[in-house]
Amino acid sequence: MDVLTGEPLALDLVNTRAGTPAGDVDFLGTADGLGVWLARQSDRLSGLPQPLTADGLAAVHRIRAHVEAAVTAVVAGQAPPAAAVAALNEAARAAPTHLFLGGSGVETRRDAAPLDRLLAELAEAAITLLGTPGASRVKSCEAPGCRMLFLPAHPRRRWCSPELCGNRVRVARHYERARSGQA
C-alpha cells in the first residue's frame with residue numbers, strides 16, 4: 001500500500017496512518033518515510049529539516065495527532081478538542097510569516113528553525129481547513145477497515161480512492177452476490 005495524497009494538506013497528513021489487512025501502517029514512522037512524504041508535498045511545504053532528529057520526528061507525530069483529533073471531532077459534528085486547538089495555534093505562532101521585499105519582488109518568509117517552520121506549515125494547513133465551512137464536508141472513507149479522510153468534490157463520493165477502496169467494495173459486493181447465487 002502506498003500513501004494517498006491529493007487532499008487538503010491537513011487531510012494528507014492525517015492519512016499518513018492507514019489501516020491495512022496486514023495491520024496499521026505509519027508512513028511517517030521513520031525519518032526516511034517523512035522525507036518521502038515531504039517530497040510528495042514539496043509544492044505545499046518548505047521541506048524536511050536536516051538533520052531530522054528523533055525529537056523532530058516525534059514533534060511531527062504530535063502535530064499530526066493534534067490535527068487528527070481536531071479533524072476527527074469536526075467530522076463527528078463536534079468542536080475540536082481544546083488541547084488540539086491550543087497545540088495548533090502554538091505551532092503556528094512559533095514560526096509566523098511575514099512579507100519581505102527582495103530582489104525578485106515580494107516574498108513570504110518565516111524566520112524560524114526549519115522544524116518550527118514545518119510544524120507551523122502543518123498547523124496552518126489544519127487551521128485553514130478547520131476554519132472554513134468546507135471542514136464540515138470532510139468524510140471518512142466508507143470502505144470496511146479504511147480510516148482515510150477526504151474532502152469530496154462531489155457529494156456522492158463515498159471512498160477515499162475509487163480505484164482502491166471503491167474497487168475493493170465493488171469486488172466484495174460482486175463476490176457476495178455470486179456466492180449467494182444472485183449474479
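**Salt bridges, a hairpin and a cysteine pair**

Let me start with a single residue, R109, which at 32% relative accessibility counts as partly exposed. I should say at once that what we are looking at is a predicted model, and that everything I describe this morning is computed from that model.

R109 is a convenient way in, since its side chain meets that of E107 in a salt bridge, with 3.2 Å from N to O. E107 is partly exposed as well, at a relative accessibility of 25%. R109 also has a role in strand pairing, being the bridge partner, in strand 4, of H98. The pairing in question is between strand 3, residues 97-102, and strand 4, residues 105-110, which run antiparallel to each other over six bridges. What joins strand 3 to strand 4? A hairpin does, passing through two residues.

Let me step back to the whole chain for a moment. The secondary structure of the protein chain amounts to six helices and six strands, and, read from the N terminus, the order of the elements is α-β-β-α-α-α-β-β-α-β-β-α. The chain has 183 residues, of which 37% count as buried. If we take the contacts between residues at least 6 apart in sequence, 52% of them join residues at least 24 apart. As for the surface, the protein chain exposes about 10,300 Å², and carbon and sulfur atoms supply 56% of that area.

Now to the salt bridges, of which a search of the whole structure finds eight. One of them is formed by D26 and R64, whose closest N and O atoms are 2.8 Å apart. This pair links distant parts of the chain, given that D26 sits in strand 2 and R64 in helix 3, with their positions 38 residues apart in the sequence. How do the two partners stand with respect to burial? D26 counts as partly exposed, at 31% relative accessibility, whereas R64 is buried, with a relative accessible area of 5%.

R64 brings us to helix 3 itself, which covers residues 54-75. Its 22 residues, at 1.5 Å a residue, should span 32 Å, and the C-alpha atoms at its ends are 31 Å apart, so the expected span and the model agree. The buried residues in helix 3 include L57, V60, I63, V67, V71 and V74, along with R64. Just after the helix comes G77, which takes a positive phi of about 80°.

L57 also turns up among the neighbours of A31, a residue of helix 2, which runs over residues 31-40. Leaving aside residues up to four places away in sequence, A31 touches L48, L52 and L57. A31 is partly exposed, with a relative accessible area of 31%, and its C-alpha atom is separated by 9.3 Å from that of P51, which lies 20 residues away along the chain.

In strand 2, residues 23-26, we also find G23, which is partly exposed with a relative accessible area of 26%. G23 and G145 are 122 residues apart in sequence, yet 9.8 Å apart in space, C-alpha to C-alpha.

That takes us towards the later part of the chain and another of the salt bridges, in which the side chains of E142 and R158 meet at 2.9 Å, N to O. Here too the pair links distant parts of the chain, 16 residues apart: E142 is in the loop between strand 5 (139-140) and strand 6 (149-150), while R158 is in the loop between strand 6 and helix 6 (162-179). Both count as partly exposed, E142 at 47% relative accessibility and R158 at 36%.

My last topic is the cysteines. How many disulfides does the structure hold? The answer is zero. Why, then, is C141 not bonded to C146? The cysteine sulfur closest to that of C141 is the one in C146, but at 3.7 Å it is too far away for a bond, because a disulfide needs the two sulfur atoms to be within 2.5 Å. C141 is buried, with a relative accessible area of 7%, and C146 is buried too, at 18%, a value under the 20% that sets the limit for that class.

That is where I will stop, and I am happy to go back to any of these residues in the discussion.

Key. Residues are numbered from 1 along each chain as its sequence is written. This is a predicted model: local features need pLDDT of at least 70, side-chain atom pairs count only at pLDDT 80 or more; totals for chains, interfaces and linings use all residues. Side-chain values use heavy atoms; hydrogens and water are left out. Helices (H or I, at least four residues) and strands (E, at least two) are DSSP runs, numbered from the N terminus. Buried means under 20% relative accessible area, exposed over 50%, partly exposed in between (1.4 Å probe, protein chains only). Two strands pair if DSSP finds at least two bridges between them. The expected span of a helix is 1.5 Å times one less than its number of residues. Contact means heavy atoms within 4.5 Å. Accessible areas come from the Shrake-Rupley method with a 1.4 Å probe; for residues, only the protein chains shown count as cover. A salt bridge is a side-chain nitrogen of Lys or Arg within 4 Å of a carboxyl oxygen of Asp or Glu.
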